[in-house]
Amino acid sequence: MPAPGRVHRFLGIAAGSSSLPWFSSVPYRAVRIQQRGRSLSSSPQTTPEFHKRLLSTAAGKLCQQQTGMASYRVPIAPQSVDAPLTQHATFLVLAAKSPTDPSTQQIIRSALAGMSSRAKNVAMRDLDARFSCTVGIGSGSNLWDHLFSSCSLALSKTNKPEELRPFRPIHGNTHAAPATRGDLLFHIRAERRDLCFEFERQLLDSLGKGDDRVVEVVDETVGFRYFDARDLLGFVDGTANPVGAALPESVLVMESDSNAVSAAVGGSYVVVQKYVHDMPRWNALSTEQQEAVIGRTKLTNEELDDVTAAAQPKAHKTLTTIVDEQTGEEHDILRDNMPFGSPGTGQFGTYFIGYSRRLWVVEKMLERMFVGVPAGMHDRILDYSTALTGTTFFAPSASFLASLDSSN
């Protein structure tokens with residue numbers, strides 16, 4: 001839930017625009033800008049010079065990095081952490097039943113290696129639906145070590161992403177962020193709910209059927225876009241997301257990073273939390289009180305001035321802003337939060353998912369929220385929102401997943 005507000009304009013990767021003929025008839029990914037529900041495509045610019053400029057951008061380089069291709073015909077890449085916001089999403093967290101069993105490991109590796117072709121099969125049914133799926137691998141049961149220690153890719157413990165570790169539970173004076181289990185995360189997104197459903201069905205079948213399935217479902221949350229990208233508290237969600245060239249710089253592990261192992265380059269750390277809201281108590285607040293909690297105006301999403309008095313609690317947007325104390329650099333993460341719930345059962349919630357180049361940035365955000373700055377002055381949004389889950393994953397590059405097909 002960290003940071004309210006979903007960005008209205010950002011550099012995203014979308015599948016399927018017939019107005020870009022240079023991608024021919026294959027599924028592809030093109031630069032697209034979204035602003036308040038309108039899609040502003042770059043389609044009028046189809047000259048060779050534009051193609052070269054595209055591939056020189058961060059988005060173009062990201063496509064090349066993920067696919068290993070330098071041409072303009074870039075196939076659908078399921079590991080698109082920066083995929084555009086969609087109307088629907090499914091957050092599927094699985095746990096391996098027997099992570100040390102070699103046959104279980106091989107089935108999981110095979111399913112991960114087949115992600116690209118499985119995603120393409122589903123996405124081809126409607127290229128305008130912008131289908132994508134990102135998979136994350138956790139370390140709660142040492143699944144990363146178990147999956148790769150016996151294969152031929154030298155992806156053992158020495159090639160494990162440096163910061164990959166189980167979610168660290170946080171206990172503040174008033175509120176707590178629990179750690180919950182989970183070995184695999186599948187972040188499934190599309191403009192159509194049926195595509196998310198179909199992909200999830202095929203994915204689970206690839207991991208075994210019935211009692212023979214090698215994983216169990218820990219959590220399955222179906223999210224939806226709410227009005228103009230608002231959460232159920234009524235505020236725009238994701239405004240602080242990085243844009244343009246800052247996006248890959250904030251989200252993807254770079255080769256230049258200290259101690260970056262080859263398996264981590266081009267990937268991203270992922271933290272997920274499932275929050276439920278006490279809507280009667282929240283709605284009992286005045287609009288001005290709600291805005292003071294969030295740090296933005298409710299109607300226009302304008303940022304409010306930070307509280308300077310030490311005795312006054314800081315707003316949510318202030319506590320979730322991480323600045324390097326030595327360099328003064330502000331560290332961003334990419335959020336793709338989604339509302340979920342059921343009015344009939346009285347459940348109203350937000351599924352927080354944050355992608356980051358540095359896991360410690362997300363951990364620091366959560367610490368500031370739950371412990372407070374100074375300690376004891378926690379994020380007041382937690383007085384109305386309870387964290388039910390907390391799990392950490394690493395989403396490797398698409399080329400990393402594809403390479404598993406040749407491993408044993």
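The exercises below concern the fold, one helix, three single residues and two pockets of a predicted model.

Residues are numbered from 1 along each chain as its sequence is written, and side-chain values use heavy atoms, without hydrogens and water. Local features need pLDDT of at least 70 and side-chain atom pairs count only at pLDDT 80 or more, while totals for chains, interfaces and linings use all residues.

**Exercise 1. Describe the protein as a whole.**

Step 1. Count the elements: the protein has twelve helices and 18 strands. Helices (H or I, at least four residues) and strands (E, at least two) are DSSP runs, numbered from the N terminus.

Step 2. Assess burial: of the 408 residues, 55% are buried. Buried means under 20% relative accessible area, exposed over 50%, and partly exposed in between (1.4 Å probe, protein chains only).

Step 3. Turn to contacts, defined by heavy atoms within 4.5 Å. Among those between residues at least 6 apart in sequence, 77% join residues at least 24 apart.

Step 4. Add the surface: the accessible area is about 16,900 Å², with 51% belonging to carbon and sulfur atoms. Such areas come from the Shrake-Rupley method with a 1.4 Å probe; for residues, only the protein chains shown count as cover.

**Exercise 2. Characterise helix α6 and its surroundings.**

Step 1. Compare its span with expectation: α6 (residues 193–206) has 14 residues and reaches 20 Å from first C-alpha to last, close to the 20 Å expected at 1.5 Å a residue. The expected span is 1.5 Å times one less than the number of residues.

Step 2. List the buried positions of α6: L195, C196, E198, F199, E200, Q202, L203 and L204.

Step 3. Identify the cover over these residues, which includes β5 (88–96), α4 (115–123), β6, β9 (184–190) and β10 (215–224).

Step 4. Inspect the residue G208, just after α6, which takes a positive phi of about 110°.

**Exercise 3. Classify S132, G238 and G346 as buried, partly exposed or exposed, and place each one.**

Step 1. S132 is found in strand β6 (residues 132–138). Its relative accessibility is 5%, so S132 counts as buried. Apart from neighbours within four places in sequence, S132 contacts A83, H187, I188 and R189.

Step 2. G238 sits in the loop between β10 and α7 (246–251). G238 is buried because its relative accessible area is 2%. The C-alpha atoms of G238 and M1 are 9.3 Å apart, although 237 residues separate the two in sequence.

Step 3. G346 belongs to the loop between β15 (338–342) and β16 (347–356). With a relative accessible area of 46%, G346 is therefore partly exposed. Its C-alpha atom is 9.8 Å from that of H277, 69 residues away along the chain.

**Exercise 4. Describe the linings of the two largest pockets.**

Step 1. Fix the term: on a 1 Å grid over the protein atoms alone, a pocket is an open set of points where a 1.4 Å probe fits, with protein on both sides within 12 Å along at least five of seven lines; lining residues have an atom within 4 Å of a point.

Step 2. The largest pocket holds about 460 Å³ of space. Its lining has 23 residues, with T318, T320, T321, I322 and V323 nearest the centre. Two or more lining residues each come from α10 (316–319), β12 (322–323), β13 (330–331) and α11 (359–370); the largest share, four residues, is from α11.

Step 3. The second largest pocket has a volume of about 230 Å³. Its lining has 14 residues, of which E162, E163, D257, S258 and R357 lie nearest its centre.

Key. Points joined across faces, edges and corners; volume = space filled by probe spheres on them.
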